[in-house]
Amino acid sequence: MRVLIIGGGIGGLTAAIALRKAGLDPQVYERASALREVGAGIGLMANAVQALDALGLGGAIRALSLAGMQGGLRNSKGEALMEVPADEFSRQFGAMAVMHRAALLSALESELDAARLHLNHEFVRFDQEDHGVTAHFNGGGAQRGEVLIGADGLRSAVRAQLFGARAPRYAGYTAWRAVVPFEPLPLVTGETWGRGRRFGIVPMAGGRVYWFATANAREGERDPAGQTKSNLLRSFLGWHRPIEALIEAADESSILRNDIYDLDPLTAWTQGRVTLLGDAAHPMTPNLGQGACQAMEDAVVLAVCLKPAARPENGLAEYQRRRIPRTRAIVLQSRRFGQIAQWQSPFLCGLRDRAVRMTPRALAVRSLKDLVAYHPLSPGDRSLLG
Ligand SMILES: Cc1cc2nc3c(=O)[nH]c(=O)nc-3n(C[C@H](O)[C@H](O)[C@H](O)COP(=O)(O)OP(=O)(O)OC[C@H]3O[C@@H](n4cnc5c(N)ncnc54)[C@H](O)[C@@H]3O)c2cc1C
């Protein structure tokens, strides 16, 4: 079965690997002239690592990563609001992997036969008939397959054709990210909450640290040229160590800034032989670190639903039946988490911080565990992936 995948991001590539393992014929069409990821880190929680294990990739991904992750929430003075020590973190949540996005993308790309990847192909629309789908590309080219998967991200053109164009919802805050060389490790890791802003510290292999910062801001607001670092240093002045040192360690030009978006969950992803995957299907805020993880879960479930289906339409209907409830809950949970974490009022932030301090650790661990101690495939499913 020839499957046209629109988009060569983390979701599209993982889907192509999974479909290949299931014995199908995936072809990836990417508009860019090279596969690219932004210069930042990415965390893959245990649920994604298990999906990659099902594809035989978990070992390679763990090898890129630093062992012994711990988690926690702090206030700007560095006082712990909630701590999960490293041994408990891995016991409760399983292996988590943190790596550079470029390393993840190239690990995925190396698993895929280069002939299946078609760069410089910007999808513009599809036509669906009884026995197939034709994708049309900018410049006049077209490709026909039996199924089409829109893995074309937040502003998906496939989603717009399926369900109408809908602007993503701006979450009300913006995020900066950088990867910096930083010693000595280990570091205090996790998130620090202030009023209307947060700072996150995530150690990576090779003596590097991935950090992110958020602040409430107007949509589309940008830092004046050459002033990102100085603005961040001003915003986080006086926060606990080593926050200022981490900002200082970044090159001005390497600091990324992105406004944060999601979309109200869709009630359907599929029409006939066409469906959605990853951010195209369920754009979510990054508060739970689950966007790419959910794309990986989508990819393996899609493969095990399509492989045995006598009619592709039935396989895609089964895929959305299995995936929509879980991703819907995560989109909404991530949105709520972000709203609370970005509170600005001193009164509300005081209440919030006290409530987090008083929450028994076991309770907090349990709610995260429901999210990440999850295998998207049953043992029977796994045998379908080669
Ligand atoms: C600040 C931030 C931090 C994050 N941190 C994490 C994290 O730690 N862990 C995690 O799991 N997730 C995280 N995420 C979310 C994660 O980055 C995304 O969910 C994930 O990258 C989505 O992958 P995707 O392949 O679905 O979409 P994308 O990565 O957007 O890929 C879509 C691809 O489609 C291509 N494309 C688009 N339109 C067309 C077209 N018309 N024709 C052809 N090709 C097209 C694009 O060029 C792109 O290559 C974070 C997100 C942000 C913003």
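**Questions about the ligand shell and a few helices**

Me: Which element gives the most to the shell around the ligand?

Reply: That's H9, with 4 residues. The H and E names are DSSP runs numbered from the N terminus: helices (H or I) have at least four residues, strands (E) at least two. This is a predicted model, where local features need pLDDT of at least 70 and side-chain atom pairs count only at pLDDT 80 or more, while totals for chains, interfaces and linings use all residues. Residues are numbered from 1 along each chain as its sequence is written.

Me: Which residues come nearest to the ligand?

Reply: Of the 34 around the ligand, they're Gly7, Gly9, Gly153, Gly278 and Gly291. A residue is near a molecule or strand if its C-beta atom, placed from the backbone, lies within 6 Å of it.

Me: Why is Gln50 called buried?

Reply: Buried takes 20 or more other C-beta atoms within 10 Å of a residue's own; 12 or fewer is exposed, in between is partly exposed, and C-beta atoms are placed from the backbone. Gln50 has 24 such atoms, so buried it is. Gln50 sits in helix H2, residues 46–54.

Me: How do you know that H11 lies largely in the open?

Reply: The number of buried residues among its 13 is 0, so the label follows.

Me: What makes the span of H11 agree with the expected one?

Reply: The expected span is 1.5 Å times one less than the number of residues. For the 13 residues of H11 (346–358) that should be 18 Å, and the end C-alpha atoms are 18 Å apart, so the two agree.
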